[in-house]
Every structure is written in C-alpha cells, then in structure tokens.
Amino acid sequence: MVHTLHENLLLLVIGVPFIGAIITVAFPSNRPQLLRWWALGIATVGLSLSSYIFLTYDVGDAGYQFSRQITWLPSLDISLRLGVDGISSPLLLLNGVVFLAGVLISWNITHRPKDFFVWLMLLVAGVYGVFTALDLFFLFFFYELAVLPMYLLIAVWGSTTDFGTFIRTKEYGAMKLVLYLVAGSVLVWLSIIALWVDGGKTFNILALEEVTFTRNFQILYFPISAIGFGILAGLWPFHTWSPDGHVAAPTAVSMLHAGVLMKLGAYGILRVSIVLLPEGAEFWAPVLLGLGTVNVLYGAIAALAQKDLKYVVGYSSVSHMGYVLMGLSTLNAVGLDGAVLQMFSHGIMTALFFALIGIIYERTHVRDIGVLEGLARRMGITAGLFSVAGLASLGLPGLSGFVAEFLVFLGLFRTYPIMAILGVIGAAITAVYILRLIAKVFFGPLDDRWSGLKEAGRRELFASFFLVGFLILWGVYPWYIVDLIDTSIAPIAAVFSGAGIP
C-alpha cells in the first residue's frame, strides 16, 4: 500500500485541487462558510502533499522521483508522465504555500464565492501539473489550465482603478493578460511541435533529453521557445500585461499570479528551452541576459515612479524576475541555483506583499501612496510584516532574497561581470523605492482619516506570518534547499562546462 501511494503521490497532488474544483460545483451557493472551509481543506491537503514530496526527496539519489506514467495516445507517444526533481520539488512547495495563504486572505469574498474557489482550484491544479509533467503535451495542457482561469478571476472578481485622467478597468487588465499569454502559448506550442517532429515523434521529455538536435535547429527554436515562456515570466519588452494584471486582480489572484504563475515561464525556459536546446541556449544566452538586465533596471526605475501600491509591487516583480532570467543566462551551476532559489524566494515575498496590500486596501479602500501615511501607529504588526517583505526584496542578509541574489551575482561575475555590476545597481535602486515606500506609508505622521483603522485579523496575520517564516528559514538556513536544487542543476550545468562555459 505504501509503495502504491508513493507511486500515485503526484497524481494526488494534481487531482486534489482538480477534483476539489469539480466537487465545489455541487456545493450550495447559499453556504459560503462551508465553501471557505472546503477550500481551506483542499489547500491544506495540497500543502501537506507538496511538503511531503519536498521533505522526502532523496538528495543522494537525485534524478526524477515519485515517477508515474499513464499511457494516453500511444500512436503519438503521448502519456501522462509525472516526476519531480530538485528543481520542481521546491516549486511544488511554493504553490502549496501560496495557495493556502491565498485561501485565508480570500475568506471575506462575498461575490459568487463558489465560482471563485472553483477557478482558483483549477488554476492551482494546472500549476501543480506543469511542475510535475515530464511529457511536453501535458506540460502544455497544464500550462494552459493554469493561465486561462486568470481571465475570469480578474474580470469578475477584480477591481477597476481610476487614475483621474484615465481608468484601468478590470476587464482591460484581464483581456490584456490573456492576449499576451495566449500569444506566448502559440510560440510555446510551435516549439513543442518542432521538438516532436525532429525528436523522433515523442513528447517524452526524458527521451528528448537524449536527442541531439542540429545546431541550426536549436538556434532557430530556442528563441521561439524562450520568448514564449518568457512572456509569462515578465520578459521585457513583453512584460506590460503583468503590472496591469496585478492591479486589476483580487488579492489572492495577485498572490498566485506573481508568486507562482510567473515562475511557470521561468521554469519552462529552464526545463524545455535550456535543457532540450543547449546549443541554442549557449548561442542566445547573451541576448537573454541583456533582456533580463533590462528587466532588473527598467522594473526598478518604473517601480520608483509609481504611486499605486500594487503597481509598485507589480513593477518590482518585473525587476526581480529579471534576476531569475539573468541567473538562467549564466548557464553555470551557481547562477542556475540562484535563479531557481530566486523563483521560490520571490514567490513567497511577492505573495506576502500582495496579501498585506490587500489587508490595507480592505480597511482604507485606498492604494495611493500619496494619501496613505503613518499607518504603523494603527497597524503596527502589518507594518512590521511589510517591512520584512521589503527587506527581503532589497536583499537584506538573513532573508532568502539575499541568498538567491547573491548566488545569481556570483554566477554572473564568473561569466558576465559587467552585467553583474548592473544587477547590483538594480538592487540599489530597489532599496531606494522600498525604503521610501515603507517610510511614507507606515512611518510618517498619522493622517487623521486613518485614526480609526484596525489591525489585521488573526486569520490574515496567520497567513502573513506563515509566509514570513519561509523568508527567514531559507535566509538563515539555505543549505538544504540549495543542495536540493543543485542535485538537478549540476547535470545541466555540466553540459555547458564541457562546452567551455565556466
């Protein structure tokens, strides 16, 4: 029985939120409290399963573990092949953590809560599927399952922002997001079909890793694949959907959007573009690095100019995803380790940012930095939590953001030292806008209109402290997760070290 459970663990991880969404459809709409507890139960089970996978992954054995295969269309060699390695197991944990926190933050949703949790569970099931799929067909299927619910989640439960001279409606944010991501999906699907045709007509990622594609093929299809996935990762100049999507989305969806969904794009670049097309990756790495560096600097400068709390964090996400892209571009073990850890660290940090912004907005109905002032006098714990997220964002030692960025910079200095210096400058700009934001919103003189504000509730504080715990854990004790990631990064980096990349 234990052996059977072990083999089917990844099916359970995907199936729990997927089947949970189907069962939720049958729930009575007039029982919102029951719906909330059901969603919390689904999130708790998902987190428990992903935590078990993360903690029991055998670092000494490495490779793909918890493998499972179900044949679907043998004539096209399409099977539901599942497995996790040192790259995907931390990202499974990330999804479980952010989903649980998002459900707790969404407790007060009153508009069609049943439909909201159905789409949220389907989104989460898709993310679990992407991180476990070892078949390109099903990786793409789960990729789309994760992306498409975003339209309804934003268009129905999102918010419209009035900037005075112009208005950003929630429908605009939802449509812009979907159009950009669908355009990226077309490029991803094109590259997958090309890999199937030239790779022996198989979607099996493990089999494709053994195929040596021609250099011209790799140089042609690497940018198609990398840009397709990169759009979801916020790759400049295809990033503009992301801040608008963040601002329009409800709090939990912003948390999952920035915390998890953007990581699917970076994961796709690593798992598909770099691993399957290494010569293409080597050829195009300087270009990807250049775009990632623009991400870092442009995102930080744009965040510096924003006046809406969500837009600040939205452009900050673009900047921090630039570090992931820079780390991937190094093609060496240290930089790649840092890129994967940055995915996890940024996911937790940004989910915390949006959770706290949601708490503030629920009480003040304002996100304008020019209006919010001195909130720490009434919301001291919230201010402290926001400060921790901000310090993680600017790379304070002792928090996970420092470890991730430090590894990325080390990898960059070994390959592209000038770009590493520009990345450090981006971190300095991050410190400017984060410290200025915290000082203005929380520690200035208290405006009389906020004198009646109440602190975050126990449920909201639990979700926030839960996220903070991971920022501190991997900042103080990063060796376990770094060693876990490196078990799968080392073989990838070895391919490029053999090609002369340090």
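**Legends to the views of the predicted model**

**View 1. The exposed residue Thr-110 in its loop.** Thr-110 has a relative accessible area of 67% and is therefore exposed, the cut-off for that class being over 50%. In this predicted model, the residue lies in the loop that runs between helix H4, residues 88-105, and helix H5, residues 113-132.

**View 2. Thr-110 beside Pro-32.** Although 78 residues separate Thr-110 from Pro-32 along the chain, the distance between their C-alpha atoms is 7.7 Å. Thr-110 belongs to the loop between helices H4 and H5.

**View 3. The fold as a whole.** The protein is built from 20 helices and four strands, and its C-alpha trace extends over about 70 × 55 × 45 Å along the principal axes. Because a compact globule of 502 residues would have a radius of gyration near 23 Å, the value of 21 Å for the protein agrees with such a globule. Among contacts in the protein with a separation of 6 or more, 81% are made by residues 24 or more positions apart.

**View 4. Interior and surface of the protein.** Of the 502 residues, 62% count as buried, whereas the area that the protein exposes comes to about 17700 Å², with 68% of it supplied by carbon and sulfur atoms.

**View 5. The placement of charges.** The protein carries 26 positive and 28 negative charges, and the mean position of the positive set lies 12 Å from that of the negative set.

Technical notes:
Residues numbered from 1 in each chain as written. Predicted model: local features only at pLDDT ≥ 70, side-chain atom pairs only at ≥ 80, totals over all residues. Heavy atoms only, no water. Helix = DSSP H or I, 4+ residues; strand = E, 2+ residues; numbered from the N terminus. Rg over C-alpha atoms; globule rule 2.2 N^0.38 Å. Buried < 20%, exposed > 50% of the residue type's maximum accessible area, 1.4 Å probe, protein only. Contact = heavy atoms within 4.5 Å. Areas by Shrake-Rupley, 256 points an atom, 1.4 Å probe, with all protein chains shown as cover. Lys, Arg positive; Asp, Glu negative; His and termini not counted. Charge placed at Lys NZ, Arg CZ, Asp CG, Glu CD.
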